[in-house]
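Below is a short report on one sheet and one chain interface. The structure comes first.

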Amino acid sequence: MNSNEGLVRNIEYERKFSLKRFLFQWEWLLVLLLVVINLINIRLSPNYWDFDNLMSAIQMFLDKAILVFPMMLVILLGEIDISIASTMALSAVIMGVSYQSGIPMPAAIMISLLIGTVCGLINGVILVKYKELSSMIVTLSTMIIYRGIASIILKDQAVSNFPDWFQYFGWGKIGNIPFILFFFIIEALVFTYLVHKTPFGRKVYAMGNNIVTSRYSGLKNDKIKIIIFTLNGIFAAIAGIFLTSKMGSTRPNIASGYELDVIAMVVLGGVSTSGGKGKVGGVILSIFVIGLLRYGLGLINVPSQTIMIIIGALLVVAVAIPNLKNSLRAFNKMNIFTKK
Amino acid sequence: MKNKRNILYANIREIGLIAVIILLSFFVQYRSGGSFITAENINDILVETAVLAILSVGMMMVIITGGIDLSIGATMALAGMIGTTVLKNNQNLNPLIIIFIAVLVGALCGLINGLLVARLNVLPIIATLGMMNVYRGITYLVSRGSWVLQSDMSKEFMAIATNRFLGINNLIWITIIIYCIGYWFMNYTRKGRQIYAVGNSMESAKVSGIKTKSVLVMVYTLMGLIAGLGGILYVCKYAASQGETATGYEMNVIAACVLGGVSISGGVGKVQGVLLGALLFGALNNALPLMHISPFFQEALRGLIILLSIIINAVIQRRVTKKSLERRSENEQ
Amino acid sequence: MDEIILELNSITKIFPGVKALDNVHFQLRRGEIHALIGENGAGKSTFIKIITGVHEPEGGEIYLNGERVKFKNPREAQEHSIAAIYQHGTCYPYLSVTENIFMGHEKVSKHLKLIKWKEMHKQAKDLLESLGSDIDPRKNMGDLSVAERQIVEIAKAISTNAKIIIMDEPTAALSKRECEQLYAITEKLRDNGASIIFISHRLEDMYRLASRVTVFRDGKYIGTWDVNEISNEKLIAAMVGREITQVFPKKSIKKGEEILRVENLSRTGYFNDISFSLNRGEILALTGLVGAGRTEVCECIFGIEKYNAGKIFFENKEVHIHNPLDAMNLGIGYLPEDRQKQGLFLDWEIYKNETISTLDQFTKAFTLNPKKEQRKAKELSEKISVKAVSVFDKVSSLSGGNQQKVIIAKLLNSDLKVLILDEPTKGVDIGAKAQIYKIISDLAEKGYGIIMVSSEMPEVLGMADRIVVMRNGRISAVINSEEATQELILEAAMKSNTNSNE
């Protein structure tokens with residue numbers, strides 16, 4: 001039929017700008033949500049839009065936000081990690097106990113980072129060595145184990161007499177801007193670059209899209225998986241340091257329930273749980289959407305348990321809506337068929 | 001003769017579990033100076049483990065379909081809270097009605113989970129993680145921050161957990177009944193076998209004409225129902241209902257299932273195994289304080305049990321596959 | 001006796017990019033075994049899926065017992081007593097054979113609707129015995145061999161009282177003894193009143209069992225003949241349709257030095273004692289029936305799976321390949337068998353698919369340069385004539401042949417010396433096939449050593465310099481192209497290479 005096709009000569013290689021494609025993005029919905037939430041918050045509290053107030057509002061959820069970027073990598077892979085809050089607790093507890101037993105604080109901080117690394121590494125290595133186990137059950141069990149170890153070490157006590165300068169992490173400012181915000185901004189920039197501009201980022205998307213093809217294409221799947229889970233562990237330790245500094249103390253049950261918020265922030269940001277889809281911009285927006293939503297609800301004294309309900313429902317809705325869209329599309333296609 | 005060997009292999013896990021329970025019992029008996037294997041202690045173990053065992057039947061069904069339910073602790077709390085709140089305000093109500101209300105609440109929670117998983121294609125872990133928080137939050141709202149205490153509960157209600165029938169505690173009877181129903185359901189009804197089918201191969205199940213979505217919804221609803229029952233029995237036994245009730249309980253249930261041979265990847269699981277898994281877990285829980293191991297160790301131990309069980313399962317499965325490959329290559333010679 | 005039980009007229013089925021069936025006809029008489037023969041890609045599988053309700057045709061009608069029928073799903077076809085037996089059928093690995101047979105229609109007691117296990121096990125045992133098999137129905141399905149599972153599939157079909165049974169390549173992975181068993185079962189089914197459509201591309205199956213044969217080629221209906229009225233040559237000509245030499249580009253063998261050699265390679269349960277060598281500029285065809293182990297050998301060479309024994313030599317030095325990256329660094333590339341699941345990122349653009357293995361070329365200071373990627377993708381795609389509008393087209397929108405070319409372009413971007421191509425023209429239309437053959441031929445001329453796994457006889461005969469035939473995990477014959485004939489190859493693919501006391 002067309003076995004004598006002429007040689008193809010003019011494949012386009014410059015992307016044409018498509019307005020439709022630009023506008024129909026999930027991120028715009030998030031921008032809208034962000035605007036709406038801010039408007040409502042301003043309504044609720046006239047002081048809301050004051051710089052200092054805004055900064056303290058943001059500071060409240062930034063320790064969670066630190067966890068969001070490495071978690072995004074995990075979910076991009078199509079996996080999940082619910083052990084991060086426990087890693088936070090364990091690394092913070094060990095830091096506290098180390099300091100208490102005479103180790104200088106800077107070294108204790110290093111130890112905490114080491115523990116976080118080890119926790120993440122354990123997750124990664126188990127998943128790579130036993131590929132038949134899902135990340136769900138492995139991180140479920142390590143979640144229990146890590147917090148359990150923290151309980152064994154510190155029982156129901158707290159460590160609270162940290163050196164004064166340790167407060168700087170949670171409360172310090174550079175100029176007018178909280179230190180933790182600086183850290184967050186730098187982290188956001190680094191991850192944006194990592195995910196969208198480096199070969200590493202491309203490979204993560206590849207693995208999430210089709211792990212078999214990734215293997216056949218020569219990608220080091222195992223190495224990348226271990227790196228990502230270890231990163232999760234390291235940043236969990238970092239978040240633990242910030243949280244401990246903010247609260248001035250640490251105990252085995254800190255950061256309880258953090259994994260819910262973090263996963264919700266990632267998923268609401270447009271990252272699909274099946275892997276391979278999502279952008280950092282959306283995730284950054286959704287961090288602020290959820291963080292400021294929480295803050296706003298706090299302004300009108302909504303009890304924290306009700307907030308729990310809202311965030312939980314938000315997580316479920318954020319995942320369900322894209323699926324609903326797909327089902328509707330399939331449903332429409334069927335109608336076209338029967339109309340014939 | 002070959003049949004006897006086959007039966008041995010088919011039930012090897014259960015036999016192993018019984019062996020471990022027996023060995024553990026003797027070990028603890030020795031270490032604790034004789035306080036483990038007593039009539040009273042054994043009764044304590046059974047009563048303590050009753051609720052866990054009941055819930056494990058439900059979780060088994062969910063895990064067989066390849067899913068998981070992290071929200072059962074919250075469902076237990078919610079069902080218990082609503083049940084006891086109604087009781088608090090209507091002390092004369094027949095306790096069975098209270099149980100019925102709790103079961104209904106649980107079933108509703110489970111139904112929502114099931115619809116999310118089956119109709120909206122939300123991953124079970126995400127759906128139940130989110131709803132866990134929703135149900136827990138609602139529990140707090142209903143409780144308005146306060147507890148429902150023993151003084152709020154009628155004597156008839158409290159009697160459910162403390163009465164004995166023919167010398168055996170009610171809770172143990174309820175567990176036995178649930179297990180009989182569970183065994184009958186999973187092994188002798190079509191719907192029960194369809195659960196296994198969906199867990200073995202969703203594709204094949206669809207081709208066989210099974211309504212896979214309905215099966216999933218049913219499984220989660222049943223789990224919720226059982227969680228409702230477990231919840232009201234739990235608050236009855238501990239004579240208290242509050243916002244934090246049963247926090248983290250789902251981990252115990254998952255541990256019991258995994259110990260009992262339920263495969264997390266789905267398709268495999270036996271009622272007998274789950275019962276033994278729950279018993280072993282309950283025995284361990286009882287044994288630890290007797291051996292002067294602090295309760296703070298228990299959490300880590302729980303997680304370790306789950307992790308080791310799934311890894312050992314994986315290793316055994318690899319060996320089985322290797323053996324069957326070797327057999328295949330021998331046949332080719 | 002001559003009554004027509006099933007008739008399909010003018011069936012057309014179109015998938016995006018390809019017309020799988022073009023106005024085909026078929027008639028099945030009551031009580032006959034009717035062979036449906038054709039090469040890969042002839043449309044047999046699609047045709048079966050239409051009869052069993054998996055697909056709905058775009059055009060044409062189906063008549064069952066003279067009445068017009070339309071199947072919206074497999075369930076409806078089943079209710080009309082039509083059953084299909086695939087190689088990899090529906091299977092519940094952790095459930096018993098009995099349950100696999102009866103799932104969906106278990107025997108239950110009248111009032112309580114309890115499952116009657118004893119009775120079901122007994123019935124299953126009877127069914128299996130009636131097929132001459134001694135499989136224990138209480139065993140788990142996952143513990144059975146491929147041949148045993150197939151027998152269970154047949155038992156399943158009988159248990160639903162199917163009157164029309166379709167067998168899709170049932171002999172593909174069977175030993176000689178198992179084939180005989182299957183023949184006996186098939187004849188018994190016919191004797192018990194079923195009408196059977198038997199799909200195969202092995203002529204011996206047809207001669208042994210069928211009374212009539214229909215040939216499909218490239219989605220078209222070629223003809224129907226009585227088996228004893230048509231000669232072998234005419235049949236092959238009908239299947240192939242043209243003189244084989246015309247399709248393939250003429251090449252001259254300029255064999256270089258040895259580039260790859262495997263010695264006594266074994267992987268328990270998959271293949272045993274495989275030894276062959278490959279020279280530069282040579283095209284080595286690796287052929288055999290499905291399940292012979294060809295892909296598994298290639299996967300071990302490429303580092304996807306581990307082998308248990310044997311050695312691999314590259315450029316005469318022993319090498320240890322642990323993963324695909326090792327293989328690619330040496331210079332071995334692989335075009336996977338299932339391009340959609342193993343070779344492509346379907347949601348991705350063409351350029352991203354083509355650059356994923358060689359991202360280093362486009363990276364400077366840890367930064368990817370997408371514009372450079374896109375330019376290179378344009379260059380690569382044009383060189384092998386990928387038919388697309390832009391390098392931003394999603395690969396899922398391309399036809400099978402063009403998708404294959406994208407993967408080849410990806411391979412060409414690496415610095416390779418050996419190419420392993422696994423079924424390079426499966427599901428590819430004629431025009432693209434010819435282009436791919438030209439590309440392969442050019443690559444051989446440039447000095448690549450090429451291993452081509454293929455089940456398509458014409459391309460094996462037309463392209464290869466040497467043909468390695470595998471059977472049941474062993475090498476059964478090595479044939480030079482000058483001496484190769486279809487019969488020789490088929491015989492090597494099917495003969496048992498141990499003593500015939502099986």
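## Sheet in chain C

Strand β11 (residues 258–267) and strand β14 (residues 309–314) of chain C pair in the antiparallel sense over five bridges. Strands pair if DSSP finds at least two bridges between them. Helices (H or I, at least four residues) and strands (E, at least two) are DSSP runs, numbered from the N terminus.

This is a predicted model: local features need pLDDT of at least 70, side-chain atom pairs count only at pLDDT 80 or more, and totals for chains, interfaces and linings use all residues. Residues are numbered from 1 along each chain as its sequence is written, while chains are lettered from A and ligands numbered from 1 in the order in which they are written.

C:V262 stands opposite C:I312 in β14(C). Four strands of chain C form an open sheet, in the order β12-β11-β14-β15, with antiparallel pairing. β12 (271–279) and β15 (317–319) of chain C are at the edges with a single partner strand each, so one side of each has no neighbour in the sheet. From one strand to the next, the twist averages 20°.

Helix α10 (residues 294–302) of chain C lies across β11, β12 and β14 of chain C, and runs at about 115° to β11(C). Axes are lines fitted to C-alpha atoms, for helices over the stretch in contact; angles run from 0 to 180 degrees between N-to-C directions.

## Chains A and B

Contact means C-beta atoms, placed from the backbone, within 7 Å.

| Chain | Residues in contact with the other chain |
|---|---|
| A | 32 residues |
| B | 35 residues |

On the chain A side, α6 (135–154) and α14 (304–339) give two or more residues each. α14(A) gives the most, with 13 residues.

Conventions:
Contact = placed C-beta atoms within 7 Å.
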